[in-house]
Amino acid sequence: MDQKKKIIIDTDCGSDDAMAIAMALNDPAYEIVMISTVSGNVNAVQATINTLTTIEYAETYEPPVYQGADKMLLKELVYAHETHGNDGMGDIGLVPERLKVQDGNGILEMLACLRDSEPGEIDIIALGPLTNLAIAIRLDYEAMQKAGRIVIMGTAGLGAGNVTPTAEFNIWQDAEAAKIVTESGLKEIIYVGWDACLGDCMLNPREIEKIRNGSKLGKFAIDCNKNLMEMNIERFGDAYLDMADPSAMAAALYPECIEKCDKYFCEVDTSNGPSYGTVLVDVNYFSGKEPNVYICSKLYADKYKNYIYKTLKVE
């Protein structure tokens, strides 16, 4: 049997993160060696609680969970309670019954894992603001260079923003951190834009019911996203789910589902103005600068959704 690919997940675990983490826990080709948490959708303490809850519901194996940064580098936090609920999980009373957070800091534990690894042995999948990754880069760049791919749910991709006209929430929440990561020179940074989960890749009401009725884990993954479904009735005209973190997880673990992913020169706007948090993507190569990150902006909807069904055990 081929050896499992090792991954580290960094998350601000809200309801769409929960679905993504459950998917990763059920992919037999991968081993999550640790999970670090960060403030974003909710504070880092609540993100940790939500991560532990998700691991319990997945009923597979139990990677260690460490809490990371509870504040952004410079910006004050603005939580996404309207999208995910006050607890990030739909306010339906989800709490871990048994699992506990590990002692130690998530950033330092991430660096320790990378130091002890071979180059490229461990990939990082980041589902929240990039505060933990930016601090890790500043603390030990050589260790971060040992990471393989760094797949990030972040940016508006090649489309519009979801928190300002041009900015996507994870980047906007800590644009200074995203700037550090984007300009780091690390070899394979892949941003999966918010546009990758839109259009045909949104889960429609029929597909949502298929997941919810298809397995215990599917029911968990849908029920905790009730706030997002309610919000989307107004945004999209029906109870659709634009699952940003699951789309990033699918792109990371099942790259066959990627339809469009190209490398561009990108920079993050950290100016004090209306475009704060925008990732400027030089799609026409006007700058003449060397492309520094990949932007994944489109998935094959059928492959992506089938991967969700498979990893949530939907029958």
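**View 1. Cys 224, a buried cysteine.** At 0% relative accessibility, Cys 224 counts as buried (under 20% relative accessible area; exposed is over 50%, partly exposed in between; 1.4 Å probe, protein chains only). The closest cysteine sulfur, in Cys 13, lies 8.0 Å from that of Cys 224, which is too far for a bond. Cys 257 is in no disulfide either, with the sulfur of Cys 296 nearest at 7.2 Å. Cys 257 is also buried, because its relative accessibility is 0%. The structure as a whole holds zero disulfides (pairs of cysteine sulfur atoms within 2.5 Å).

**Model and conventions.** This is a predicted model, in which local features need pLDDT of at least 70, side-chain atom pairs count only at pLDDT 80 or more, and totals for chains, interfaces and linings use all residues. Residues are numbered from 1 along each chain as its sequence is written, and side-chain values use heavy atoms, with hydrogens and water left out.

**View 2. Confidence across the chain.** The average pLDDT of the protein is 97 (the predictor's confidence in each residue, from 0 to 100). A score of at least 70 is reached by 99% of the residues. Confidence bottoms out in α3, at a mean of 90, and peaks in strand β4 (residues 122–126), at 99. Helices (H or I, at least four residues) and strands (E, at least two) are DSSP runs, numbered from the N terminus.

**View 3. The largest pocket.** This pocket encloses about 380 Å³ of space. Its lining has 23 residues, and those closest to the centre are Ala 80, Thr 83, His 84, Asn 162 and Phe 169. Elements giving two or more residues to the lining are α3 (81–84), α7 (169–173), α11 (226–236) and α12 (244–253). The lining splits into 12 nonpolar, five polar and six charged residues. Ala, Val, Leu, Ile, Met, Phe, Trp, Tyr, Cys and Pro count as nonpolar, Asp, Glu, Lys and Arg as charged, and the others, Gly among them, as polar. On a 1 Å grid over the protein atoms alone, a pocket is an open set of points with protein on both sides within 12 Å along at least five of seven lines, a cavity is a set where a 1.4 Å probe fits but cannot get out, and lining residues have an atom within 4 Å of a point. Points are joined across faces, edges and corners, and a volume is the space filled by probe spheres set on them.

**View 4. The largest cavity.** The count is one cavity of 30 Å³ or more. The largest cavity holds about 30 Å³. Lining it are Met 144, Gln 145, Ala 147, Gly 148, Ile 150, Leu 186, Lys 187 and Glu 188. By class, that is four nonpolar, two polar and two charged residues.

**View 5. Asn 232 in helix α11.** Asn 232 sits in α11 and is buried, at 0% relative accessibility. Beyond four places away in sequence, Asn 232 touches Gly 237, Asp 238, Tyr 240, Leu 241 and Asp 242 (contact: heavy atoms within 4.5 Å).

**View 6. Phe 220 in helix α10.** Helix α10 (residues 216–223) carries Phe 220. Phe 220 is buried, at 4% relative accessible area. Its contacts, not counting residues up to four places away in sequence, are Ala 18, Thr 53, Thr 54, Tyr 57, Met 89 and Leu 94. Phe 220 and Met 89 are 131 residues apart in sequence, yet 9.8 Å apart C-alpha to C-alpha.
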